[in-house]
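Reader: Could you take me through one part of this model in detail? I would like to look closely at the cysteines.

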Amino acid sequence: MTLPDQPARRSTLSRRGVLKGGGAVAFGGLSLAALKLPMFGIDPVQACSDGGTAKDLSASDRKLIISNWTGYIDPRKNPNSTFAKFQDETGIEVTYNVDVNDNAEFYAKIRDQARACEPIDRDMIVLTDWMAAKMIGLGWIQPLDPKKIKNVRKNLIPSLQDRPWDPDLTYHAPWQSGLTGIAYNADLVDEVGSFEDLITRDDLKGKITLLSEMNDTMGFFLKVVGADPADFTDSEWEDALDRLKQVKSDGHLRQFSGNNYLQQLSQGVLVACEAWSGDVIQAQYDNPNLKFIAPEEGLALWSDNMMVPNYATHQGNAEAWMDYYYRPEVAAKLAAWVNYICPVQGAQEAMTKIDPSLAENPLIFPDAEMLANTWAFMSLTDEQQQKYEGEWADVIAS
């Protein structure tokens, strides 16, 4: 199913960021730094004796330090931006860092401090589902005060509720969500309607990329071999991995990609690829011939989640930020800029006052039919994470 086109409001870096520069050598679109994944070793649960709590200075010290992905907020210097309005309304001075370039890299950055039950000098971090689940399981995230995040609890869209790793929203609130599917250049090839087509069609050979995020890519390969990405066995994993190895050995795959696939798709270096929904919406501003497809195998649904790490000293201010961004009118204003799935009920109606065309975009406000065709990747134990990530790295590095 081809989804309706919608030009973005600007062309910018996506939520996934750029491949690490300044020393990170890349091959095939994947940073070698990303291969030094910390989860290759098993982490025991690290529960700090004091529960990881620190004195909350929010009332007297109106500050907040956030770590988020790049391209994930409207222009902060604009006095009418959601960011500026939050500071004006609350008096909270926000230090907003775009230092999450990769889940595993960020984990490695803060791991030693977290293990040692030391502060990581941040009040909020934003990480993808699987990493959020891991850090919550390790005891490195603080529980939220439900009385201070009433908008979150009231307005979170149903499709993002009841996550098995935090069903009661004790530790997290989705910042933005997205879909993983297929993008293709309609100037160069016919519609690519399934993941099976993407990895087998002769006219695509050597001109496709797959994402370097294991959960996204292997979820689709599990689908191809008849398994359920949300509930699979080691044997099914091996079948899916063997299929990936075959696609590589056949020369069908050009490379694994971080976020550089869209430029190559526009240039014709690629003709189709596995892709993230928000990236494609943004890229259509420059090239409306780029299409996003919901493949026959379904769409992967994921979220990046706000969390308060252990020893944060401004938890109350972080909760004020969460609750502010779950106001429908604020969420709509943010969604009009970032173009990912808005997690807030009521934002679609609010969007009609900002940009009616965006209010009808199913990649920002998917309907029940589209969401019924989505899947999430199974939560993994530490042992599974070690095994699967190691085998995945062996394939993409070879």
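Reader: To begin, does Cys48 count as buried or exposed, and at what relative accessibility?

Author: Happy to help! A word on the basis: this is a predicted model, in which local features need pLDDT of at least 70, side-chain atom pairs count only at pLDDT 80 or more, and totals for chains, interfaces and linings use all residues. Residues are numbered from 1 along each chain as its sequence is written, and side-chain values use heavy atoms, with hydrogens and water left out.

Cys48 counts as buried because its relative accessibility is 9%; buried means under 20% relative accessible area, exposed over 50% and partly exposed in between, with a 1.4 Å probe and protein chains only. Cys48 is joined to Cys117 by a disulfide, with 2.0 Å from S to S; the term covers a pair of cysteine sulfur atoms within 2.5 Å. One disulfide is what the structure holds. The link of Cys48 and Cys117 is left-handed, with -100° about the S-S bond.

This pair links distant parts of the chain, 69 residues apart. Cys48 lies in the loop between strand E2 (30-31) and strand E3 (63-67), while Cys117 lies in the loop between helix H2 (103-115) and strand E5 (124-128). Helices (H or I, at least four residues) and strands (E, at least two) are DSSP runs, numbered from the N terminus. Cys117 has 28% relative accessibility, so it counts as partly exposed.

Two other cysteines are worth a look. Cys273 is buried, at a relative accessible area of 0%, and Cys342 is buried too, at 4%.
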